[in-house]
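Hello,

Here is the structure I promised to pass on to you. Please open it next to this message and follow along as you read.

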Amino acid sequence: YDNKMEFLNVPGLLEIFENIAKYLSTGDLFSFRCCSRLCKELADLGLTKHKRLAMGFEEDDVWECPPLALQVIIEKCKALQEIHIESIFITDHHLHTLISNNHHLKRVYMRNCYKITDEGFLTVLQCKKLKSLTTANCTDSFLEGLVRNNIFLEEINLDACDISVGGFISFIKQQPLLRYILFPFCIEGEDVFEMSIRDVTDIISAVKSHCKNLEYICLPNYRDERYPGLLEDLAENCPKLKIISIPDTRKILMRTHLYFQSNKVRLINENLDVYEFNGQKSPSDL
């Protein structure tokens, strides 16, 4: 075609590109955008309607992109439902722009974003329809704000967060729809190993009383000998529970093994090696 307008008037061209853009990453679209003015217009259209933004993963080569590229991508994306970001370049300003343009976000995954401050991360509280959150920027004040703005969370991963026992329990009590919970590794700067038996018992008590939709829970550094009967109690009180993830299923007590041998709930290792206690393996074989 001799000119851009003639090319853009090809019947169905924009619809065809929109369908193709669904299968391209944001990095692919930005690379395509740099080819020509026409490609820029088409790529911007694709970015505007993109549903998922991923940065810092092999499938999306945006990890070491220049700041200008990052800024363009964040400004153009206005229909996102999910962000999956591990980037040392994203700042509070980027996050503010991203959230301001995408109030309908349902899934937020942000790890290793070292330039995002705790104050800057509060911008995520604007996401009223949020269902899934994975972050390392969580504080007690953030959890309090989250409860005020959203009680419809289904998945929460706080394994790298430093929050208080009381803050975590208060949050759990006000999120009745939670299906997936990944316990914090640290609470108030203490390793979970050092948490008191009462603290752990109080947290599990809150979960079993208020999270009746629970399907999956991960308990990092769990030690069965310190909390006898805790896993069984959790399984008994959460009727939809399917999986409990603990560090080492080989170290569970015999009574725990016998319980889960005849129970629908599966115990798995944190490395996701699944051991279905169906009577085919003994504890010494696991």
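Below is a short tour of what I found.

Please keep in mind that this is a predicted model.

Let's begin with the part that has an annotation. UniProt, in an unreviewed entry, places the feature "domain: F-box" at residues 15-44. In the model, that stretch is 77% helix and 0% strand, and its end C-alpha atoms lie 14 Å apart.

Next, have a look at helix H4, which covers residues 37-48. From its first C-alpha to its last, this twelve-residue helix reaches 17 Å, close to the 16 Å expected at 1.5 Å a residue. Which residues of H4 are buried? They are Leu38, Cys39, Leu42, Ala43, Asp44, Gly46 and Leu47. When you look at their spacing, it helps to remember that an α-helix has 3.6 residues a turn, so residues three or four places apart point the same way.

Lys40 also sits in helix H4. This lysine counts as partly exposed because its relative accessibility is 36%, and the cut-off for buried is under 20%. Lys40 and Leu29 are eleven residues apart in sequence, and their C-alpha atoms are 8.9 Å apart in space.

Now for the aromatic rings. The structure holds five aromatic pairs, and I would like to show you two of them. One is Phe168 with Phe183: the ring centres are 5.6 Å apart and the planes meet at 75°, so this pair is edge-to-face. The angle decides this, because planes over 60 degrees apart count as edge-to-face. The pair links distant parts of the chain, with the two positions 15 residues apart in sequence: Phe168 belongs to helix H9 (residues 165-173), while Phe183 is in the loop between strand E7 (180-182) and strand E8 (186-187). Both Phe168 and Phe183 are buried.

The other pair is Tyr259 with Phe260. Their ring centres are 4.9 Å apart and their planes are at 85°, so this pair is edge-to-face too. Tyr259 and Phe260 are both buried.

Finally, a backbone detail. Where is Asn112? Asn112 lies in the loop between strand E3 (107-110) and helix H7 (118-121). Its phi is near 60°, a positive value in a residue other than glycine. For context, most residues other than glycine have a negative phi. With a relative accessibility of 31%, Asn112 counts as partly exposed.

I hope you enjoy exploring it!

Best wishes

Conventions
Residues are numbered from 1 along each chain as its sequence is written. This is a predicted model: local features need pLDDT of at least 70, side-chain atom pairs count only at pLDDT 80 or more; totals for chains, interfaces and linings use all residues. Side-chain values use heavy atoms; hydrogens and water are left out. Helices (H or I, at least four residues) and strands (E, at least two) are DSSP runs, numbered from the N terminus. The expected span of a helix is 1.5 Å times one less than its number of residues. Buried means under 20% relative accessible area, exposed over 50%, partly exposed in between (1.4 Å probe, protein chains only). Rings of Phe, Tyr and Trp (its six-membered ring) pair if their centres lie within 6.5 Å; planes under 30 degrees apart count as stacked, over 60 as edge-to-face and the rest as tilted. UniProt positions are given in the numbering used here, feature names are shortened, and annotations may be inferred rather than shown by experiment.
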